[in-house]
Amino acid sequence: MNPFVGDQLANLHRLAPEVVLSVFGILVMIADPFVGAARKRVLGWVAFAGAVLALASVHIANHFPGPAYSDLIRVDSFSMFAHVIILVAVALAILGSLDYLDQQHIQRGEYYALVLFAAAGMGILAGANELVTAFVGLEMSSIASYVLVGFRRRSPASNEASLKYFLLGSFATAFFLYGVAMIYGATGTTRIDAVQAALEKIITADQHEPALAVLSLALIFVGLGFKVVVAPFQVYAPDVYEGAPTPVTALLASAPKAATFALMIRIFYVAFSPLTGLWFWLICVVAVLTMLVGNLAALVQTNVKRMLAYSSIAHAGYILVAFAASTSLGVAAVLFYLAAYIFMKVGAFLIVTHLGQQDEKRVSIQDYSGLASKQPVVAACFSLFLLSLLGLPATGGFLGKFFAFQSALIVQRRSLTLLVVIAAINSVIGAYYYLRVIITMYFQAPSRDYTPSRVAPAVAIALAIAAAGTLYLGILPSRVLDLAQAAADSLFSH
Amino acid sequence: MSAVPISFYLVLSAILFGLGVVAFVFKRNIITIFMSIELMLNAVNLAFVAFARARGELDGLVFVFFVIVVAAAEAAVGLAIVIMLAQNRQSLNVERVNLLKL
C-alpha cells in the first residue's frame, strides 16, 4: 500500500472513537427530519448505539498507540482510560434522557446529536498533545453543552442557566487561550511535550523560570479551573446544574470534568513539569478552598440538584488532593477516582431525573420523604450512590478517596499530609448532607399528594449499570486500578 | 524586524485583554458583555500574531484562524441563547436574570 495512505488509515484508527461519535451525530441530524414527531425516541437509541460503538472502538484505537496527525493527538493508555470513562458517562446520560425528554415534551433529534458532538470534543480533550487542538476540543464540548443546558426553551430557569454557562464558559476559554499564547511566546511551541523540553532548556540556561511561562501557567489554570469547577471559579456551577435539564446535569457533572482533568494532568504533569514547585502550592490552596466551599454550601441546600452540584464541587477538591501529589501514583489515583465518580454522580442525577416529574417540580429534599415505602428499589439505589459519594466502604467512592489520600500521604511531605487531614475532615462534614437525604427517604412519612411515576426500562438499565459499577469498583478495584496505573505510567514514558 | 518592538504589541494586547475582563465584570447589558469576550479573544489573536512575527514563524498565524473560526461558532450559539432569553423576558439586563440565586 502507498505509505501515505497507510499512514492516514492508521491515523483514522487512532481517532476511531471520535470518528464513530461524529458519524453517528451527523446520522442523527440527517435522520431527524424523516422521523415523525412521535418516533423521535428512535434517534435516542441510534445515539446510544453510537456511544456504545465508540466505546467498542476504543479497542481499535488501542491497537495503534502513538502520535496521530503529526502528533496533534496522542493515543496512549492514559487517553484510552479517559475515553472509556467519558463514553460510559455519555451512554448512561443518553439512556437517562430518553424518557425525560418525552416527559418534558422536548423530544428532538438535535439533543442526541449535540450530546454525541460534545462527547467527540471531550475525547479530543483527553488525547490532545497540542494546546490549540485542546482548545478546539474544549470548544466542541462547551458549545454543544451551552445549547444542551438551554434545551428546555420555555423554561426561564433553563434559559438563564444556559446564558450564565455560555458567558462564563467563554470568559474562561479566553483565559485559557491567552495562556496558550503566552506559552507560545515563551517557548515557541504549543506542543505539550515540546513545551516541557523547551522550558527545561530555558530554566537551566537562565537559572529562573521565564515570567511568560509563569503567567501562562496561571492563565491556563484559571481557564481549566472554570471547566472542572474548582473554587474560586465555582460560582456559576450550582446555578447551571440547577437550571439545566437533569440528564444534561448528569452529563455536565461527569464527562467534561473527567476530560478536562485528563487535559489538566497532561498540561501540568508534562508541559509544566519544570514548574512543579510553583503549581504544587497553587493546587494545594485551591484544593482546600474547593473542598470547604463545596461541603459548607451543600449543608444548607434544600434543592437536591443544587446539593449534588455543591457535592460535585467538593469532589473536585478531593481529586485535587491526589493531583497535588505530583507522582504517577497520584495520576493513577485521579483516574480511579474519576472512574468511580462518574458512576455515582450520573447514577444520583438519573434518580433526580426520574423523580423530577413534569417541569422538574419535584426536586426539593422534602419531596423525597417516604420514598422508601413507595419505590424501595429506587430509594436503595439512591442511598447507594449517596453513600458512595460520602465514601462508605465497599463502594467505589470509598476506594477512590482512599487511593487519593494514600497517594498524597506516601509522598511524605508535611503540606500534603495536612491537606489529607483537611480532606478527611471535609468528608465528615459531607456525611451530614448525604445522610439527611437518606433519612428523609427512609424515616419520614410519605407525602400524600405525590406519587412518583414508574421507572422506565431505559432508566432502570442505566441505574443498574451505575449501581453495578459503583459496587464493582468498591469491591473488586484491582483490575481497574492496574489499568489506571498503566495509564499513568504511559503518560510519563514518552 | 520592523521598528516597532514586540513588547509594544504585547502591552497593547494585555491592555485589550484587561479592558475585556473589566467590561465583562462591570457591564450590565448582555450584548456588551458578549462584546467584551470578543475583545479578549482579539487580544489573544494580537499576541499570537506578534509572537509569530517576532519568531518569523507561521504557526502563530495559523492559530489565529482557529481562534477566529471557533469564536464565530461561539457567537452564533451565544446570540441564539440571547434571543431565546429576550423572547422569554423582554430585557437584556443581566441584573434581571436572577431567577437562580448566585
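Visitor: When are two residues in contact?
Guide: The criterion rests on C-beta atoms placed from the backbone. Two residues are in contact if these atoms lie within 7 Å. This is a predicted model, in which local features need pLDDT of at least 70, side-chain atom pairs count only at pLDDT 80 or more, and totals for chains, interfaces and linings use all residues. Residues are numbered from 1 along each chain as its sequence is written, while chains are lettered from A and ligands numbered from 1 in the order in which they are written.

Visitor: Which element gives the most to the side of chain A that touches chain B?
Guide: In this interface, 31 residues of chain A are in contact with 29 residues of chain B. Helices (DSSP runs of H or I, at least four residues) are numbered from the N terminus. Those of chain A that give two or more residues are α6 (131–149), α7 (156–187) and α10 (236–243). With 17 residues, the most is given by α7(A).

Visitor: How are α16(A) and α18(A) oriented to each other?
Guide: Axes are lines fitted to C-alpha atoms over the stretch in contact, with angles from 0 to 180 degrees between N-to-C directions. The axes of α16 (residues 376–390) and α18 (residues 414–443) of chain A come within 9 Å and cross at roughly 170°. Angles over 145 degrees count as roughly antiparallel. The two helices α16(A) and α18(A) are therefore roughly antiparallel.

Visitor: Which residues of α18(A) does α16(A) meet?
Guide: From α16(A), the participants are A379(A), F382(A), S383(A), L386(A), L389(A) and L390(A). In α18(A) they meet G430(A), A431(A), Y434(A), V437(A), I438(A), M441(A) and Y442(A).

Technical notes: Parallel < 35°, antiparallel > 145°, perpendicular 65-115°, else oblique.
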